[in-house]
Amino acid sequence: MPAVEETVERVREIDVDKYKYGFSTDIESIKAPKGLSEDIVRFISAKKGEPQWLLDWRLEAYRRWLTMSEPEWANVHYPKIDFQELYYYAAPKSMDKPKSLDEVDPELLATYEKLGIPLSEQKVLAGVEGAELGTARPGVAVDAVFDSVSVITTFQKELEKAGVIFCSISEAVKTHPELVKKYLGSVVPTSDNYYATLNSAVFSDGSFVYIPEGVRCPMELSTYFRINEKQTGQFERTLIIADKGAYVSYLEGCTAPMRDENQLHAAVVELVALDDAEIKYSTVQNWYPGNSEGQGGVYNFVTKRGDCRGKNSKISWTQVETGSAITWKYPSCILRGDGSRGEFYSVAISNGYQQIDSGTKMIHLGKNTSSRIISKGISAGHSNNTYRGLVSAHRKASNARNFTACDSLLIGDQCGAHTVPYLEAKNSTAVFEHEATTSKISDDQLFYCMQRGLSEEEAIALIVNGFVRDVLQHLPMEFMAETQRLIGISLEGSVG
Amino acid sequence: MDLPVQQFRSEIEQELLDSFAALHDALPGAQNDRVAKLRSDAMERYASLGLPHRRIEAWKYTDLRARLGEAYPMVRPSGRPIDQAEIEKGLGPRVANLDSYRVVIAEGEFRSELSDVQALKEAGAELRSLAETLEHLPDDLGPLLAETGEQRSGFEAARPTGRSGAGPDPIIALNMALMTGGAVLRLGDGVSLDKPVHVIHLDGAGEPVSSVTRLIVVTGKGASLDLIESYAGLGGRGLQRNALTQIVAGADSHIEHTKIQREEDEAVHLSNWLLTLHENVRYNGFQYTNGGELARNDVRVLFEGEGTVMNFSAASLLKSRQHADTTMVIEHLVPHCTSRELYKAVLDDESRGVFQAKVIVARDAQKTDGKQMGQALLLSEGAEFDTKPELEIFADDVVCGHGATSGQIDEDLLFYLEARGIPEPQARALLVQAFVGEALEQIDREPLRDALTGVTADWLGVKLD
């Protein structure tokens with residue numbers, strides 16, 4: 001179906017109007033001077049009162065970064081980023097980590113409420129303000145990160161009772177330096193890639209989670225990232241450790257105001273699962289995607305990696321990607337422990353001029369490891385959506401198993417859907433299966449729905465929701481309803 | 001920071017440049033200004049690119065620069081007689097004795113006395129030596145010789161750096177610069193041959209040599225051709241081959257095209273197929289690889305006319321430390337075309353199979369139907385299979401898919417056969433044969449299919465009735 005002029009118009013209107021998180025909060029903030037240098041790295045470190053070892057670690061990363069060049073292999077095009085034109089640290093002025101919610105700037109609280117993330121524990125428990133997140137079940141602990149700092153972490157006391165440590169990473173550096181020192185950079189080394197190295201040098205805040213041996217985390221943990229300031233880069237760092245036999249489910253959400261210029265978000269997420277532990281990591285990424293002309297929006301260059309270090313450990317990534325002008329991320333699993341399992345469920349929706357190059361890596365090192373990849377890409381408007389994934393079995397990874405299915409759906413004739421899977425089997429007992437399909441929404445299905453009284457857009461939303469069902473059912477309840485709505489919104493106006 | 005200007009040159013890269021400098025006045029077509037220009041342009045392209053290595057995306061799994069030790073001297077045609085026994089020895093009797101029009105390219109040059117030039121002429125086809133053709137280059141061949149292997153569409157066409165491997169190809173450039181001979185076959189409009197044309201490439205008796213040849217095939221409207229290319233050694237001590245086949249399939253033509261590669265253990269085989277398919281073409285291609293130490297088969301397909309159907313399959317049977325790489329780029333530039341690829345690798349010992357296939361569907365190529373499948377059967381602990389089936393789709397009304405599998409022989413199937421009294425070695429061979437058979441079935445002509453089924457059985461060391 002060719003895109004008619006009317007459709008193009010619709011896309012244009014809708015893109016701008018429908019990003020409901022596009023407001024900005026007028027709040028005074030303290031910023032580091034513009035640009036990047038060793039002094040900035042020292043400034044950030046000093047601001048956070050970090051110990052010497054961490055400063056040295058940052059500086060080493062920074063020096064390393066200077067020698068690296070930006071990766072160019074991804075199917076994304078954008079003008080070169082001027083790293084000297086960014087602010088690497090921005091924090092609300094009122095913010096010296098408050099002890100309790102009462103001390104938090106009401107402006108900030110209002111922002112989060114507007115975003116549908118009530119930070120007040122009473123309110124969360126009452127479920128009053130939680131309507132936005134669907135059936136906000138009581139008992140989701142939230143770490144709210146605003147630009148470069150963590151505003152508040154809820155339910156810390158309750159979690160402490162179970163022995164769970166859930167706090168911002170800056171706090172963890174102070175309170176649990178031994179854990180941070182042991183695990184930080186052990187999954188994503190400082191020299192890993194251009195953006196991860198940059199992150200190591202200038203990371204500001206993020207969440208730290210430690211689940212002790214044998215503990216099943218009593219509630220869902222979540223972090224909500226918000227970029228507010230202009231021209232800032234957000235460099236958060238998340239570290240989650242599940243000790244032997246532990247279980248945790250972690251959610252992550254992100255939004256940003258609408259701005260004409262591009263904002264950089266270069267995060268690093270490290271997961272460590274020891275023997276028999278399980279980590280379930282879910283992301284709903286809804287950064288500002290840019291306007292209908294492709295101006296503005298967030299560059300989301302993220303390194304996420306999980307290390308199944310222990311026997312029979314399991315890491316599962318679920319992601320719903322609807323935002324960002326450019327997405328470049330490959331949540332991966334290193335299946336080191338014998339019998340470990342990695343999973344990746346992804347829905348990536350691109351519209352307007354968005355560009356997505358995302359996928360996963362499943363690296364089978366241990367014996368009897370298994371992995372499963374389900375990826376659904378939906379492209380509309382003028383967007384390009386690439387799945388890029390690697391499945392590899394090393395010499396000693398006997399009986400490795402992988403199943404991969406990636407399906408792409410194209411809506412409109414100005415978009416692109418691409419698949420770049422790499423399969424590397426170095427072990428004869430490894431069994432890998434990969435399948436991918438690309439198609440458009442069938443006219444028959446569309447006709448069937450419309451004949452029953454649905455409008456074309458409703459019909460598309462319905463079919464697309466069916467298309468991505470396999471993935472959505474792996475999301476925690478809290479996100480499912482929200483996500484279904486999000487998919488409707490992202491595709492509105494894309495009737496081709 | 002990237003190519004095209006390369007500062008450092010490995011020894012072999014320099015040797016190749018030197019051999020051009022030493023040879024270019026003596027190469028065929030040296031007196032023809034256009035050819036001389038094409039050759040020097042090509043050598044310049046090569047000089048700026050160097051040999052491909054693993055940092056070039058398309059050569060990720062085959063590090064040619066690291067694997068080639070030294071450049072062997074160019075083969076010197078001796079003109080010595082080659083008899084049927086020698087051909088049989090090189091190709092094996094099953095393939096050598098296929099009933100066909102024979103074309104022989106030996107020691108880098110076209111051998112008219114061994115080729116059925118006259119019989120082909122009577123059947124309506126024109127066969128000429130490439131060396132002669134280069135002396136008086138016909139206008140329509142100019143653009144063919146200028147082909148660089150550059151990708152015309154998709155992401156990487158827009159990317160200027162040489163990293164992606166979608167830019168000019170150094171192996172094609174070397175072929176253009178250094179080719180010493182080959183053949184040009186033309187079929188006029190409506191010509192249909194009663195037998196296959198079998199182009200036999202024989203090289204390398206004695207000292208290690210390089211052989212650089214090219215085969216150009218142009219078919220007219222509605223023509224029909226069954227083309228077999230076979231490659232074998234003459235029992236020499238080393239061979240580096242750079243062979244290029246260019247086919248321009250005219251509208252409504254029908255082409256069956258098969259390549260059989262059975263060179264000696266030390267051989268390095270670099271092959272390029274450049275296929276341009278016009279409207280309503282039926283093209284059916286097949287590649288059978290089981291010789292050489294290193295084989296790289298590049299296949300580039302351009303769909304330039306609507307309604308064309310391309311079917312490509314390949315079987316690689318590898319042992320010891322053999323390495324075979326099949327890399328395809330299929331560009332759907334026009335609507336209503338169909339492409340199918342099926343790759344099967346049987347990997348024993350420490351061999352390594354590579355299959356990369358990129359299907360690009362350009363913005364206008366609506367109603368494209370593209371499917372690809374790459375499968376490997378790993379027979380031993382040390383074998384390795386790497387595959388990268390890629391789709392780049394810019395049109396919405398298409399059906400495209402790909403699949404890839406890798407695994408060992410299914411124990412249940414083995415048990416089933418053994419339970420019926422078939423001893424294990426035969427049962428295994430039977431299952432491998434069935435696996436490869438799926439690809440062989442794609443060969444339309446029965447005698448050829450039977451011959452290759454036989455070759456497979458020989459490789460497996462079993463007798464199958």
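Which strand of chain A do four bridges join to β17(A)? In this predicted model, the partner is strand β14 of chain A, residues 297-308, and the two strands run parallel. Within this pairing, A:Arg305 has A:Ser332 of β17(A) as its bridge partner. Strand β17(A), residues 332-335, also pairs with strand β20 of chain A, which spans residues 361-364. That pairing is again in the parallel sense and runs over four bridges, with A:Ile334 standing opposite A:Ile363 of β20(A).

A look at the side chains of β17(A) completes this part of the picture. Both faces of the strand are covered. A:Ser332 and A:Ile334 lie on one side, A:Cys333 and A:Leu335 lie on the other, and all of these residues are buried. A:Ser332, the bridge partner of A:Arg305, and A:Ile334, which faces A:Ile363, are thus both on one side of β17(A).

Chain A also carries a UniProt annotation. The record, an unreviewed entry, lists residues 160-217 of chain A as "domain: SUF system FeS cluster assembly SufBD N-terminal". In the model, this span is 43% helix and 16% strand, and its end C-alpha atoms lie 10 Å apart.

Attention now turns to the place where the two chains meet. Chain A brings 33 residues to the contact and chain B brings 35. On the chain A side, at least two residues each come from β23 (401-411), β24 (416-425) and β25 (431-440). The chain A residues that touch chain B divide into 13 nonpolar, 13 polar and seven charged. Strand pairing crosses between the chains here: β24(A) and strand β18 of chain B, residues 384-393, pair in the antiparallel sense over six bridges. In that pairing, A:Ala417 stands opposite B:Ile393 of β18(B).

For chain B, the UniProt annotation (unreviewed entry) "domain: SUF system FeS cluster assembly SufBD core" covers residues 209-435. Over this stretch the chain is 61% strand and 9% helix, with the end C-alpha atoms 36 Å apart.

Chain B is itself divided into domain 1, residues 11-408, and domain 2, residues 410-465. The C-alpha centres of these two domains lie 28 Å apart. Their contact takes 23 residues from domain 1 and 18 from domain 2. On the domain 1 side, the elements giving two or more residues are α5 (93-96), β7 (224-233), β9 (254-262), β11 (282-289), β13 (309-318) and β15 (338-347). Of these, β13(B) gives the most, with five residues. Twelve of the domain 1 residues that touch domain 2 are nonpolar, six are polar and five are charged.

Several of these elements reappear around helix α12 of chain B, residues 446-460. Buried positions in α12(B) are B:Leu448, B:Ala451, B:Leu452, B:Val455, B:Thr456 and B:Leu460. Their cover includes α5, β7, β9, β11 and β13 of chain B, together with α11 (424-440) of that chain. The length of the helix can be checked with simple arithmetic: at 1.5 Å a residue, the 15 residues of α12(B) should span 21 Å, and the end C-alpha atoms are 21 Å apart, so expectation and model agree. Just after the helix, B:Gly461 takes a positive phi of about 70 degrees.

Conventions:
Residues are numbered from 1 along each chain as its sequence is written. Chains are lettered from A and ligands numbered from 1 in the order in which they are written. This is a predicted model: local features need pLDDT of at least 70, side-chain atom pairs count only at pLDDT 80 or more; totals for chains, interfaces and linings use all residues. UniProt positions are given in the numbering used here, feature names are shortened, and annotations may be inferred rather than shown by experiment. Two residues are in contact if their C-beta atoms, placed from the backbone, lie within 7 Å. Ala, Val, Leu, Ile, Met, Phe, Trp, Tyr, Cys and Pro count as nonpolar, Asp, Glu, Lys and Arg as charged, and the others, Gly among them, as polar. Two strands pair if DSSP finds at least two bridges between them. A residue is buried if 20 or more other C-beta atoms lie within 10 Å of its own, exposed if 12 or fewer, and partly exposed in between; C-beta atoms are placed from the backbone. Domain bounds come from an automatic or database domain assignment. The expected span of a helix is 1.5 Å times one less than its number of residues.
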